[in-house]
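Subject: Structure for you to look at

Hello,

Here is the structure I promised to pass on. Please open it next to this email and follow along.

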Amino acid sequence: MGNGISDNYENINPLFTLDFWNVHSANKKETGEKVSLWVIDQDKLKKSVSKKADRENYLKSCMDSIQQMRRLMHPHILKIFEFNENISQLAFAAEPVQYSFQYEANFSMDEVQYIALQLAETFEFLHTGAKISYLGLSQSTVVLTKSFDVKFCQFNFASPIINEQGLVGSRIGAFANLPTQPSISFCSPELVGNKQITTTSDVFSYGSLLISMLLKRIAFSPSNSQDLVAQAQTAPMQIPPNTPAELKDLLLQCLNIDPNQRPDFSTIAKCNAFLSMESRIFKYLDLIITKDQADRFQFYKNLPNALHLFSGRMLRYKFAPLFIKEVQDEIKYGPILIPLTVKVAMTMDPSDFYNEVIIPLGPALTCTNPPEVLVSVFSVIEDIFSKISNDKTYDVVYPIYMSALQSGVRKLMLEAINKMPLLISHLSNSTIQTNLLPKLGEFISNSSDVQSIIACIQCLTFAVDKVDQDWFASTILPKLSEAVVKRPTTVDLADPMAEILEKLRATIDAGLKQVIPLASLLLANNQIDVQVQMRLCNSITNVIEKVKRDRKLAEGGTKKPVKWGSKDQQQPEMSAREMLQKATAPQPKTPSIDDDSTADIFGTQQQNIQGRQQQQNVQRPQVLPKAAPQSAAQALAAASQQQRVVQQQQQVQQQQQVPQNDSNEEFVIEQAPPQQQPQQKKPSSMFSGLSVNSSQQSHKPNAWKRPNK
């Protein structure tokens, strides 16, 4: 910046220009403290003021102004930290500022009222306390801080009040509308006309600045005192119609052409224009450090009903910083001021919200004593989520939830659990699996509050599909099982756990090891709602069905279940008696030993046996005794003789009158001696080696009897 004072500061950035002053924001190197740096633009001064003597006089007045500001102690007079006394490099460091009236024209009505109140209070101090008249009020001689605090910053034309009537010994000299003199647009007619000046000259300048703020432009642009008088007389017609009546009356009094008809600032500060709700709140805020805790608490308690009266900019920069400082100084204000702070900061962008609200309030956001502080945080947790990016959720919001869960205070735990789905929706899946769910699992396993456990289990349903399914089954389901074992009669645990099992898509191994055991534990309580029991049974069935499909238990190497009587059913072996009955039944075709339809004989025989069992209501054993291979061959050979078959059938029907044997004893067939025929070798099995020609053999009917035991 070309001057010695700037060497002590860093992060220097331009803010605005006021007359010949360039104003910058900066930070002090040693402490990081924010300041404003004011530096005279010597080149601009030379171009605007040709005479060296005039330039020197102006620079001298600037030095006097700096000295004056250092002597005067008032909250609305710019506080100077240090300055460069070298007049050729005139500069100073002061408290930080943000706005200039010269570049800021968009003031809301509440902002105008607050600025007007501060200006009036400062002028009252200057006139009655410091005994000086400012004489230089304009858009470039007062600035605003970020919180809309007014700061008088140029006392170049300040003059002493020399008597009780308010007469001022002006230092301006003959007014000539020079760049080094006050702006004619805000001067009083008597000052521009070089007439006698009193403190009411400041009153006219005050009215000129206020009406310019309302109009959002400079109200008067005269070239001499006559033009100024003429334009001032049109002021009533220029005042915007939305101006409060009390403020309009004040402006008309201040802009009176006759100095004696203007009010003094002691009267202005107490006028009706500053009795509105907004003005009363502003007055209280400025004096809040003088109020006791009980009075402050009551004020903050009623404040939410009036916040709608203020602009978003005023709420953000005036109210929010005050609330944060109060909470930092006294945590008891937290239950009221934390929600208020978050609400008024909703106009901030996420970065500013994080830096200006979250970071300063950090420790208070996890405070559990008193519990009402954390309850108030959860009341605005949705607003916090809306202003915090997902990558900051774990660092900012996750600790709030954990503080509540680990507090042991029931209402805090319930607050955290009820808002848990919101946290789950903003955390990454890896964070949910690695950090959140293990904590919830431990809470479910160790907590003694049933309602909190049930609510926590319900939260898990929102996280099931966000993590690895087998991990969930092996890590979380055992914790649920522990909760059931500790509270086997608590039926309300079943419904949320059933929902979790329904959503879980674990592998077969995890299902067998975790899903079925948990569902079984729950089903052990028969007091659970029937529909919930059915859902638990379905969870078990689903696992079993997966096992059957995966291991192909219905096909392949394992016997496939076959419906009784289907064509794939394996036929049991027949006894001799059953074979005989099958052989003696009427046949549409005489089969030979080598006929492919031989297997059908067994199917027909089986159907006959089943029918007889149903008629006699006798339960036949599932495994039937085996018949001798020789008897079966002779019975099949006899089937080829049609006439003898009919006779044998009649004999069998008579023999069926014999009572059935209910034991597992075998029936032995006694064969009639065959007719003379060449001896044949016995076959090794039922069918192998058989070569019988029905035309060459004849047999007597077989006779059967019950064998001796």
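Below is what was found, one sheet at a time.

Please keep in mind that this is a predicted model.

**The five-stranded sheet**

Strands of a sheet pair through backbone hydrogen bonds, either parallel or antiparallel. Here five strands make an open sheet, and their pairing is antiparallel. Read across it, the order is S1-S2-S3-S5-S4. Strand S1 (9-18) and strand S4 (80-84) are the edges, each pairing on one side only. On average, neighbouring strands of this sheet are turned by 20 degrees against each other, direction ignored.

Now look at S3 (residues 34-40) and S5 (residues 91-94). They run antiparallel and are joined by four bridges. Find Val39: it stands opposite Ala91 in S5.

What lies across this part of the structure? Helix H2 (residues 52-71) lies across S2 (21-28), S3, S4 and S5. H2 runs at about 150 degrees to S4.

**The three-stranded sheet**

There is also an open sheet of three strands, in the order S6-S8-S9. Its pairing is antiparallel. Which strands are at the edges? They are S6 (99-100) and S9 (150-152), and each pairs on one side only.

S8 (residues 142-144) pairs with S9 in the antiparallel sense, over three bridges. One pair to find: Val142 has Phe152 in S9 as its bridge partner.

A helix goes with these strands as well. Helix H3 (residues 109-130) lies across S8 and S9. Its direction is at about 35 degrees to S9.

Best wishes

Key. Residues numbered from 1 in each chain as written. Predicted model: local features only at pLDDT ≥ 70, side-chain atom pairs only at ≥ 80, totals over all residues. Heavy atoms only, no water. Pairing = 2+ DSSP bridges. Helix = DSSP H or I, 4+ residues; strand = E, 2+ residues; numbered from the N terminus. Axes fitted to C-alpha atoms, helices over the stretch in contact; angles between N-to-C directions. Contact = heavy atoms within 4.5 Å.
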